[in-house]
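Okay, thanks for squeezing me in. I'll put the structure up and then walk you through a few bits of it.

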Amino acid sequence: MLDKIKALQEEIDAIVASSKEEVEELRIKYISKKGLIGQLFNDFKTVPAEQKKEVGQAINTLKTFALEKINTLKEGFENNGSESAGQDLTMPGEPMKLGTRHPLSLVKNEIIGIFARLGFTVAEGPEIEDDWHVFSALNFPPEHPARDMQDTFFIEKDPDVLLRTHTSSVQIRVMERTEPPIRAIFPGRVFRNEAISARSHCIFHQIEGLYVDENVSFADLKQTLLQFAKELFGEDTKIRLRPSYFPFTEPSAEMDVSCSICGGKGCNVCKYTGWLEILGCGMVDPNVLELCNIDSRKYTGFAFGMGIERITMLRYGIKDIRHFFENDVRFLKQFESAT
Ligand code: PHE
């Protein structure tokens, strides 16, 4: 009897089937009541009592084995042609590729973080502006060349609907609606009618800063900017303020930082000067305060504005500004995914 069981097990083990129907025939042949294993249960009655335990276990094991074999064969055919054919559905899914943050966003967030620690909040203003907020309230004389079609994009024939050429317009919006003290930065996109090249684009980004309170001095401006430069470019960074001119600040200056690439020794990035220009700044012109209904005898303020593209190009050694707007994944995926 045990030999018979063993032989049957080997037979079942070796089974191959080529169709669902064939599997059904095999099921009937082996495990149906009248099948070969069924017969074993009949023969079991004749087994001597002392062998009953061993033989009984062997038949049960064989039955389980046969059931599993038939089921596996059956499943193989049932899955065929369906969506999961040949797939292991318990396998982990395809890993999802996480996007990376745009390098301009990385640098913008870093700059916001530095100024947040110095007590500056963040505000924004519209990209489509009027003459008042972009020019007039910022003390631009009526004949100033920046108002020209050459430099400014106008949306309509109406010269009062234009794309802002700098984020200084947000200074005006904030001063018009806020009582000093004001301490805020304004990140945003700006537009200038310029030929697109490796170094300039008609769309770019700026971060503006504004601090208005009693007794704000040029020394406060310088100290704030020094702290900012050290945090952004490293503790050893030096700054240099060169006299300049903007209609809305008096005095005005341009700030250079010591070249972070050569450490000030001179290289092709800083054109062998050791310095890199990164922003414009100055004390808010009293006229501007008055145009925003802020008492210029009581309050003073400083403002600064910087281009995010330029700082990002220096930070990552990017040679062509057009990369920022082309959305080439090969370029974008080189930058950290989060800050
Ligand atoms: N708005 C100036 C520019 O776009 C930068 C600036 C901002 C200068 C604030 C002084 C103060 O060039």
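So, helix α7: the buried residues there are Ser168, Ser169, Val170, Gln171, Ile172, Val174 and Met175. That's seven of the ten residues in a helix running 168–177, so α7 counts as mostly covered. And before anyone asks, yes, this is a predicted model.

Val174 from that helix also turns up in a nonpolar core, but let me take the main core before that one. The largest nonpolar core has 44 residues. Which residues have the most contacts inside it? Those are Ile111, Phe228, Ile278, Leu279, Phe304 and Met306. If you look at which elements give two or more residues to this core, you get α5 (103–117), α8 (218–233), α10 (308–316) and α12 (329–332) on the helix side, plus strands β5 (203–213), β7 (249–258), β8 (275–284) and β9 (300–307). The largest share comes from α5, with seven residues. There's a second, separate core too, with 24 residues, and Val174 is in there along with Phe135, Ala184 and Ala303, among others. As a general point, nonpolar side chains in soluble globular proteins tend to be buried together.

Let me stay on Phe304 for a second. Leaving aside residues up to four places away in sequence, Phe304 touches Phe115, Ile185, Ile207, Glu208, Gly209, Leu221, Leu225, Leu279, Gly280 and Cys281.

Next up, α10. Buried residues in this helix are Ile308, Glu309, Ile311, Thr312, Met313 and Leu314. What covers them? The cover includes α5, α8 and α11 (323–326), together with strands β5, β8 and β9. Just after the helix, Gly317 takes a positive phi, about 65°.

Now, how do α5 and α10 sit against each other? Their axes come within 9 Å and cross at roughly 100°. An angle from 65 to 115 degrees counts as roughly perpendicular, so that's what we call α5 relative to α10. On the α5 side of the contact you have Pro103, Leu104, Leu106, Val107, Lys108, Glu110 and Ile111, and they meet Ile308, Glu309, Ile311, Thr312, Arg315 and Tyr316 of α10. By type, this contact divides into eight nonpolar residues, one polar and four charged.

Compare that with a helix pair at the other end of the chain. Helix α1, residues 2–13, packs on helix α3, residues 36–43, at an angle of about 170°, and the axes are 12 Å apart. So α1 and α3 are roughly antiparallel to each other. Here Lys4, Ile5, Leu8 and Ile12 of α1 meet Leu36, Ile37, Leu40 and Asp43 of α3. The split for this contact is six nonpolar, no polar and two charged.

That brings me to the domains. The domain assignment gives domain 1 as 2–80 and domain 2 as 103–338. Where do their C-alpha centres lie? They're 83 Å apart.

Last stop, Leu163, which is found in the short run 162–163, strand β3. Buried or exposed? Leu163 is buried, because its relative accessible area is 16% and the cut-off for buried is under 20%. Again not counting residues up to four places away in sequence, Leu163 touches Glu127, Ile128, Thr152, Phe153, Ile155 and Phe191. The C-alpha atoms of Leu163 and Asn193 are separated by 9.9 Å, with those positions 30 residues apart along the chain.

That's my lot, over to you.

Terms used:
Residues numbered from 1 in each chain as written. Predicted model: local features only at pLDDT ≥ 70, side-chain atom pairs only at ≥ 80, totals over all residues. Heavy atoms only, no water. Axes fitted to C-alpha atoms, helices over the stretch in contact; angles between N-to-C directions. Helix = DSSP H or I, 4+ residues; strand = E, 2+ residues; numbered from the N terminus. Parallel < 35°, antiparallel > 145°, perpendicular 65-115°, else oblique. Contact = heavy atoms within 4.5 Å. Nonpolar A, V, L, I, M, F, W, Y, C, P; charged D, E, K, R; others polar. Core = buried A, V, L, I, M, F, W, Y, C linked by side-chain atoms within 4.5 Å. Buried < 20%, exposed > 50% of the residue type's maximum accessible area, 1.4 Å probe, protein only. Domains from an automatic or database assignment.
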